[in-house]
Structure formats: structure tokens, C-alpha cells
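This report walks through the strand pairing of one model, sheet by sheet. Please keep the sequence and the structure in view while reading.

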Amino acid sequence: MFSRTALARAFALPVEQCAHFSVARACLHSAATASTTTTTQPQAPLSATPRVQTSAPSTKPPASAPLDPASLKKPVAPTFTKPLELNQSLLSQLPNLTSQQPHYIISHLHDKPYLLTQGDQIRLPFLMPNVKPGDVLRFNRASVLGSREFSLKGAPYVDERLYECRVRVMGVDSEPLRIKEKTKRRRRHVQQVRSKHKYTLLRVMDVKIKTAEELLQEGAVVVDETA
């Protein structure tokens, strides 16, 4: 069996090492504080004199400045190789259609008809490319122009010089996130497909059917049906 002195020395050895480590750590801490106190220097008091501005003020307008309407994108004017031809029956019935308001138009976009009147809002089932909010678009493909009692039908479309339909891009709308689970046979893995489609919002600004006088001023030609 061990004697009491051997056991006392065995239990006292870690205590002496811990004491030695604590003394060395205290020395290192005192040396670090002494080095920091010797390297720090008192800062000069702040001056109350104003500083001279060396750089010129920027002339760039703020980001919240309103946009110039002239800088917005405008629709391109159509070009035609021959003037518009009008017959006598159309000239006789056109005043009845133009005098009765409001007017409506059945416009076609990607072979899909849209019944539009002034002030309507359209939510297209797709995201229209290369457009920004504020852009003005012109719908130039319509199959029917009409009012409450009169209508003018095209074969298949009405000449775009007979009317004006302008819309403004309001923004982009998105649907809620949809998650669809797909699985395959003999597989223990379930795949999740996430989809969140975006749509373009439009607002109809103007639907106008031109009068016979306006068409003649723009260069329309009256054609004789008997010829």
C-alpha cells in the first residue's frame, strides 16, 4: 500500500501546476496591459471650425424625381403602301356608329379575343416581354367595332386606320406559389415542382372610331361599287 506522503505528493502535484499556470497567465496579462498603455496616445480635442467643401455638389436628379412623359416609350406609327378605300355604304352608316358612344372593340392578341371599352383593366394570361410600366401600346388587330346598336365587322379583321385603341402598361402581377408533387413508379423519392407565374396588367386608355371627315383628311379614297 501507498504511504500517506506518496499520496499527498500525488494530489498536490496538479495544484502546484495550476498555481504555476495562473501565475504565468497573470504575468502575460500584466505585460499586455502595459504594452497597450504605453502605445496609446491622447487624442486631440475636436475642432469647432467648419470644414471647407472641396468637391462640387452633384447635379444628378434624385431617384424619386417624376419621369418626363416625353422620355416614355411611344407606339410606332404604322406605314401603309396604299390609301384606305371607303365605299358609299360605309360612309353612309359610319356617322351612326361614331355618334353613339361609348364604343367597344373586340381586339385579338395572340389569336385570343378581348372585349375592350375605355377604362377597362386587362390581366393578360402571360408576361408580355420588352415592356415597362408606363409604356403605351396600340392594339391594331380587331374583328369588331361597335356601339350599343351598331357594329362594324371585319373579314377577318377591320382596317386599323378606322379606329384607335391605346392601352397603358400598369405593372406585373404574380399568382400565389403552387407546389405540385411528382412521383415515379418503383421510386421512393417525391419531387416537388414549384411554380409562380407572372402576368402583365394593362389599362385601356382610349377607344375611338374615326369619323368620315377624319378619314378623308388622312387620305382615304372613296371607291365606286359599280365600277
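## The open sheet

In this predicted model, four strands come together as an open sheet, in which the order is β4-β11-β8-β5 and the pairing is antiparallel. The edges are taken by β4, at residues 121-123, and by β5, at residues 136-138, each of which pairs on one side only. If direction is ignored, neighbouring strands of this sheet are turned by 35° against each other on average.

At the β5 edge, the contact with the next strand can be followed residue by residue. Strand β8, which covers residues 163-174, runs antiparallel to β5 and is joined to it by three bridges. Within this pairing, Leu 137 has Val 167 of β8 as its bridge partner.

## The hairpin of β2 and β3

Strand β2, spanning residues 104-109, and strand β3, spanning residues 112-117, run antiparallel and are joined by six bridges. One position at which this pairing can be located is Ser 107, whose bridge partner in β3 is Tyr 114. The two strands form a hairpin with two residues between them, and His 110 takes a positive phi near 55° there.

## The pairing of β2 with β6

Strand β2 also pairs with β6, which comprises residues 142-146, and here the sense is again antiparallel, with four bridges between the two strands. In this pairing Ile 106 of the model stands opposite Val 144 in β6.

As background for viewing such positions, side chains in a regular strand alternate between the two faces of the sheet.

Methods. Residues numbered from 1 in each chain as written. Predicted model: local features only at pLDDT ≥ 70, side-chain atom pairs only at ≥ 80, totals over all residues. Heavy atoms only, no water. Pairing = 2+ DSSP bridges. Axes fitted to C-alpha atoms, helices over the stretch in contact; angles between N-to-C directions.
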